[in-house]
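Here is a friendly note to read with the structure open beside you. Please keep the sequence at hand as well, and look up each residue as it comes along.

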Amino acid sequence: MQTTRQDAEFEALRATIRERGTVRLILLPLSLALWAAAAIATTAAVALPIAALVPLLVLAAGFEAIYALHLNVERIGRYLQVFHEPDGGWEHVAMAFGQRFPGRGPDALFSGIFLIVAGLLHLLLAVHIGTARQRAARQRSLDLERFTAIKNG
């Protein structure tokens, strides 16, 4: 049995989906590791406040790479659905499953993880900044009171 051009295209595109799915799974821990390394490096070595954005940019780049891979996999899937599976097949079943049972599959973008890492830590920083601002606003009067108490013995 000889493989037709259409069969070869179908096999190549299914392989592309498989490979990009694997790359997404590799990019997640790699992105988090690079983010952590950038956070440690900028905290330890760089005095400029703008350098604090470097870890965030690393995290954003990791997310964008995973996002782009996901969008392209979905696009290839829809192409296969229309041009290679007009009478039904895996892509039709996967799409019907997603429509019938929304939110039942894994998060292909790992958005929860990215939101926890970026959002929670940035929220903690925002809380710290807010409380530090309140402490700084009270510091002058508290220090004056304390130094006066020390002087007056």
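The points below go through the salt bridges, a buried acidic residue, the two pockets and a few distances.

1. A word on the basis. This is a predicted model, in which local features need pLDDT of at least 70 and side-chain atom pairs count only at pLDDT 80 or more, while totals for chains, interfaces and linings use all residues. Residues are numbered from 1 along each chain as its sequence is written, and side-chain values use heavy atoms, with hydrogens and water left out.

2. How many salt bridges does the structure hold? There are three, where a salt bridge is a side-chain nitrogen of Lys or Arg within 4 Å of a carboxyl oxygen of Asp or Glu. R14, E74, R78 and E91 are linked in a network of them, and the next three points take its pairs in turn.

3. Start with R14 and E91, whose side chains meet at 2.4 Å, N to O. R14 belongs to helix α1 and E91 to helix α3, so this pair ties together parts 77 residues apart in sequence. (Helices are DSSP runs of H or I with at least four residues, numbered from the N terminus.) E91 counts as buried because its relative accessibility is 6%, and R14 counts as partly exposed at 24%. The cut-offs here are under 20% relative accessible area for buried, over 50% for exposed and in between for partly exposed, with a 1.4 Å probe and protein chains only.

4. E91 also pairs with R78, with 2.7 Å between the closest N and O atoms. This salt bridge links distant parts of the chain, as R78 sits in helix α2 and E91 in helix α3, 13 residues apart.

5. R78 in turn forms a salt bridge with E74, where the closest N and O atoms are 2.8 Å apart. Both residues are in helix α2, and because they are four residues apart, about one helical turn separates them. E74 is partly exposed, with a relative accessible area of 35%, and R78 is partly exposed too, at 25% relative accessibility.

6. Now look at E85, in the loop between α2 and α3. Which side chain of opposite charge is nearest to E85? That is R14, 5.8 Å away, and E85 is buried yet has no salt bridge. For charge, Lys and Arg count as positive and Asp and Glu as negative, while His and the chain ends are not counted. Neighbours within four places in sequence aside, E85 is in contact (heavy atoms within 4.5 Å) with F10, L80, W90, E91 and H92.

7. Turn next to the largest pocket, with a volume of about 750 Å³. A pocket, on a 1 Å grid over the protein atoms alone with a 1.4 Å probe, is an open set of points with protein on both sides within 12 Å along at least five of seven lines, and lining residues have an atom within 4 Å of a point. Its volume is the space filled by probe spheres set on the points, which are joined across faces, edges and corners.

8. Of the 27 residues that line the largest pocket, H70, E74, W90, A94 and A108 lie nearest its centre. Helices α1 (5-45), α2 (53-83) and α3 (90-100) are the elements that give two or more residues to this lining, and the largest share, eight residues, comes from α3. By class, the lining of the largest pocket divides into 13 nonpolar, seven polar and seven charged residues. Here Ala, Val, Leu, Ile, Met, Phe, Trp, Tyr, Cys and Pro count as nonpolar, Asp, Glu, Lys and Arg as charged, and the others, Gly among them, as polar.

9. The second largest pocket holds about 280 Å³ of space. Among its lining residues are W35, T42, P55, L121 and H122. Elements α1, α2 and α4 (111-152) each give two or more residues to this lining, with α1 giving the most, four residues. The lining of the second largest pocket has nine nonpolar, three polar and no charged residues.

10. Finally, two distances from A118 in helix α4. A118 counts as buried because its relative accessibility is 18%. P55 is 63 residues from A118 in sequence and 9.4 Å from it in space, C-alpha to C-alpha. V23, in helix α1, is partly exposed at 36% relative accessible area. V23 and A118 are 95 residues apart in sequence and 21 Å apart in space, again C-alpha to C-alpha.
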